[in-house]
Amino acid sequence: MSVIRILSDRVANQIAAGEVIERPAAVVKELVENSLDAGATRIEVEFRAGGRALIRVEDNGAGMDRDSALLSLERHATSKLVETSDLDRLATFGFRGEALPSIASVSRFEMQTRRAGDPAGTEVLVNGGKLVHARDCGAAPGTRITVAHLFNSVPARRKFLKSDATESAHIIQCVRLYALACPAVAFTLVEDGRVLFQSPACTALPDRVAEVFGRQTAAELLPVGAEESGLKLSGLIGKPGVSRSSRHEMLCFVNRRPVDSRTLNYALLESYATLLVKGRFPVAVLFLDLDPAAVDVNVHPAKREVRFRNEAQVRGFVIRTVLQRLREAGAGAAAPIADFGMRNAESTGPAAMFPTPHPAIPPAVIENRVSNEATFPSKIGNAPGAQPQSARPPAEIRNPQSAIANPAPVPRLLGWRFLGTAHGDYALFESPAGVVVLDRRSALERVWYERLRAAFARGDTASQRLLFPEPVELDAIGSALLLDHLKFLHRHGLEVAEFGRNFFRIEAVPDWLLPEQAAAFLRDVLGLVREGRLDLRKADLAEEEFARLAVSRAVRLADAMGETEAQSLVAQLFACGQPHSSPAGRPTHFELGRGELARRFQK
Ligand code: ADP
Ligand code: MG
């Protein structure tokens with residue numbers, strides 16, 4: 001028979017901890033928020049072993065007396081919220097009074113705290129939710145909380161933690177978000193005794209951004225600012241042409257709280273819609289300030305999600321502001337797919353920077369199949385220092401004349417006669433059954449995709465060593481992910497070496513990648529990893545994703561296409577396993593039958 005019982009506080013706290021404290025970074029988040037709520041102007045965060053072994057947050061905020069210190073560990077004990085109506089006026093990060101008891105229930109929790117006017121401080125020690133002692137101690141004004149052996153008593157939770165490097169990256173990212181949110185507060189972050197990040201109080205956001213993201217990213221951003229009927233938007237947004245392969249650099253803050261807001265994300269994407277190709281995302285650090293009563297932060301236990309009372313108003317305001325700024329920055333003049341650098345139909349886009357004297361037609365796939373040999377165009381770049389990189393664009397290396405000079409027999413079999421190109425992108429043919437329209441890009445992507453997959457399968461990584469390694473600065477998560485994927489990248493021709501925390505150098509690039517695009521490509525790969533689309537545990541799928549991304553960089557269309565190039569392209573396309581669709585699933589060509597033509601002309 002079941003008996004209804006009230007859960008002990010300890011069990012209730014552990015359950016609450018499951019919701020609020022998913023990983024070490026969540027502890028850091030809650031403690032840092034408390035320090036900010038306590039009015040701290042200096043916060044130091046220290047952690048060891050990805051936060052599992054130890055997390056310590058020390059502030060110079062208001063501190064607590066003995067009673068408050070003990071009370072703060074009781075469930076729903078908060079100094080911040082009295083009535084639910086207070087939720088509408090909330091100016092603090094915390095309000096549920098759940099964080100401290102939750103953390104203390106799943107760790108060894110030690111707190112030293114003192115108010116400036118008090119003669120002595122208080123030390124409280126709790127182990128796995130049980131009070132061990134509370135006594136006087138010497139302490140500087142403020143609060144220091146040390147959380148050790150996190151989740152030791154909760155093996156189920158511990159199992160879900162990722163590698164130390166990943167957990168550490170989440171902690172670093174978390175501290176950086178709050179450092180961005182509160183530039184006036186000095187932050188120090190120490191991992192395993194090493195200072196990772198030390199930012200004195202700054203007055204200007206761009207200074208913080210440069211410290212948090214690195215100068216490379218900071219230089220890609222534009223300030224924005226506007227105010228309208230109670231809404232205030234400020235921050236930095238990516239210049240036209242700056243994009244990423246995932247949304248991890250779209251950072252939004254509402255009333256200084258880092259949030260995940262569909263409305264804001266959507267507004268950003270919408271604003272950049274004409275500037276970004278599908279699958280690309282803007283970069284932004286956006287602060288929206290508005291009446292707390294117009295926001296609901298009480299949606300998600302970790303308070304990451306927010307809802308606005310007037311979603312449409314917020315969205316409209318953000319879109320107008322961002323669009324206006326982009327227009328001022330001359331967005332209209334920029335090529336829409338600026339940093340993709342792959343379409344050079346327009347001579348204005350940055351793609352025009354890459355000389356492609358011949359259409360970038362890969363070596364005949366047909367020949368590969370028949371002879372079953374590795375026929376990569378060139379291994380010139382393999383010897384260290386053999387080829388100065390930018391003196392010779394790889395496009396030339398990989399345009400073997402042979403592929404163009406020896407059109408394979410397939411088009412003759414198909415009986416397609418090349419008529420010409422239309423609007424640059426399309427090649428037109430007369431076929432025995434009618435007329436064929438072929439999309440040059442989709443066709444070339446298919447050819448490259450199968451060629452790359454075959455090369456990967458053979459373990460063939462023709463790569464070009466760079467005379468001047470390309471520096472790349474990443475954020476903490478990107479760095480951790482990159483470290484986990486160095487071998488995979490190396491196997492695929494991209495050699496990257498770490499040379500300082502968050503700093504890397506690209507030392508060699510695969511032959512299909514232009515050195516000047518290597519850093520952007522690397523960021524894109526990491527974006528896929530972050531989204532779980534490139535997962536080393538599923539090696540085959542990972543390789544597919546990688547190859548798909550690679551073709552987007554490898555394929556560059558030349559302006560003109562002659563008979564020979566057209567026939568060669570068709571030959572190579574039909575030597576592919578799946579000639580009818582591009583790797584992204586778009587059709588490569590279609591045929592208008594003679595019957596259909598006759599019908600149209602009512603013959
Ligand atoms: P909440 O932040 O939702 O109120 P917490 O469990 O995080 O709940 O904290 C409980 C209470 O402990 C807070 O309301 C605050 O009064 C006090 N407190 C926690 N951390 C600090 C700190 N660093 N400095 C001063 N007071 C603190
Ligand atoms: Mg709190």
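This passage describes a five-stranded sheet, the helices around it, a helix pair and several salt bridges in a predicted model.

The sheet is open and its 5 strands follow the order β9-β10-β13-β11-β12, with mixed pairing. The edge positions are taken by β9 (221-228) and β12 (257-259); each has a single partner strand, so one side of each is left without a neighbour in the sheet. Direction ignored, neighbouring strands are turned against each other by 20° on average. Within the sheet, strand β11 (residues 250-254) pairs with strand β13 (residues 284-289) in the parallel sense, over 5 bridges. Phe253 has Phe287 in β13 as its bridge partner.

Two helices are placed against these strands. Helix α9 (residues 262-271) lies across β11 and β13, and its direction is at about 130° to β11. Helix α10 also packs on the sheet, where it touches β9, β10 (231-238) and β13. The direction of α10 makes about 45° with that of β10.

Thr263 is located in helix α9. Its relative accessibility is 9%, below the 20% limit, and Thr263 therefore counts as buried. Leaving aside residues up to four places away in sequence, Thr263 touches Phe308, Glu311, Val314 and Arg315. The C-alpha atom of Thr263 is separated by 9.4 Å from that of Val318, a residue 55 positions away along the chain.

Helix α10 (residues 311-328) also holds a salt-bridged pair, Glu328 and Arg325. Their side chains meet at 3.3 Å, N to O. The two residues are 3 apart in the helix, which means that about one helical turn separates Glu328 from Arg325. Glu328 has a relative accessibility of 51% and counts as exposed, because the limit for that class is over 50%.

The search of the whole structure finds 36 salt bridges. Among them is the pair Glu544 and Arg453, whose closest N and O atoms are 3.7 Å apart. This pair links distant parts of the chain, with Glu544 in helix α18 (residues 539-554) and Arg453 in helix α15 (residues 440-458), 91 residues apart. Glu544 counts as partly exposed, at 22% relative accessibility. A further salt bridge joins Glu531 to Arg533, with 3.1 Å between the closest N and O atoms. Both of these residues are partly exposed: Glu531 has a relative accessible area of 33%, and Arg533 one of 41%. Salt bridges that share partners also connect Arg453, Asp540, Glu544 and Arg548 in one network.

A separate helix contact involves α6 (residues 164-181) and α7 (residues 205-213). These helices pack at an angle of about 170°, and their axes are 9 Å apart. An angle over 145° counts as roughly antiparallel, so this description applies to α6 and α7. On the α6 side, the contact is made by Arg176, Ala179 and Leu180. On the α7 side, Leu205, Arg208, Val209, Val212 and Phe213 take part. The residues of this contact divide into 6 nonpolar and 2 charged, with no polar ones.

Methods:
Residues are numbered from 1 along each chain as its sequence is written. Chains are lettered from A and ligands numbered from 1 in the order in which they are written. This is a predicted model: local features need pLDDT of at least 70, side-chain atom pairs count only at pLDDT 80 or more; totals for chains, interfaces and linings use all residues. Side-chain values use heavy atoms; hydrogens and water are left out. Axes are lines fitted to C-alpha atoms, for helices over the stretch in contact, and angles run from 0 to 180 degrees between N-to-C directions. Helices (H or I, at least four residues) and strands (E, at least two) are DSSP runs, numbered from the N terminus. Angles under 35 degrees count as roughly parallel, over 145 as roughly antiparallel, 65 to 115 as roughly perpendicular and the rest as oblique. Contact means heavy atoms within 4.5 Å. Ala, Val, Leu, Ile, Met, Phe, Trp, Tyr, Cys and Pro count as nonpolar, Asp, Glu, Lys and Arg as charged, and the others, Gly among them, as polar. A salt bridge is a side-chain nitrogen of Lys or Arg within 4 Å of a carboxyl oxygen of Asp or Glu. Buried means under 20% relative accessible area, exposed over 50%, partly exposed in between (1.4 Å probe, protein chains only). Two strands pair if DSSP finds at least two bridges between them.
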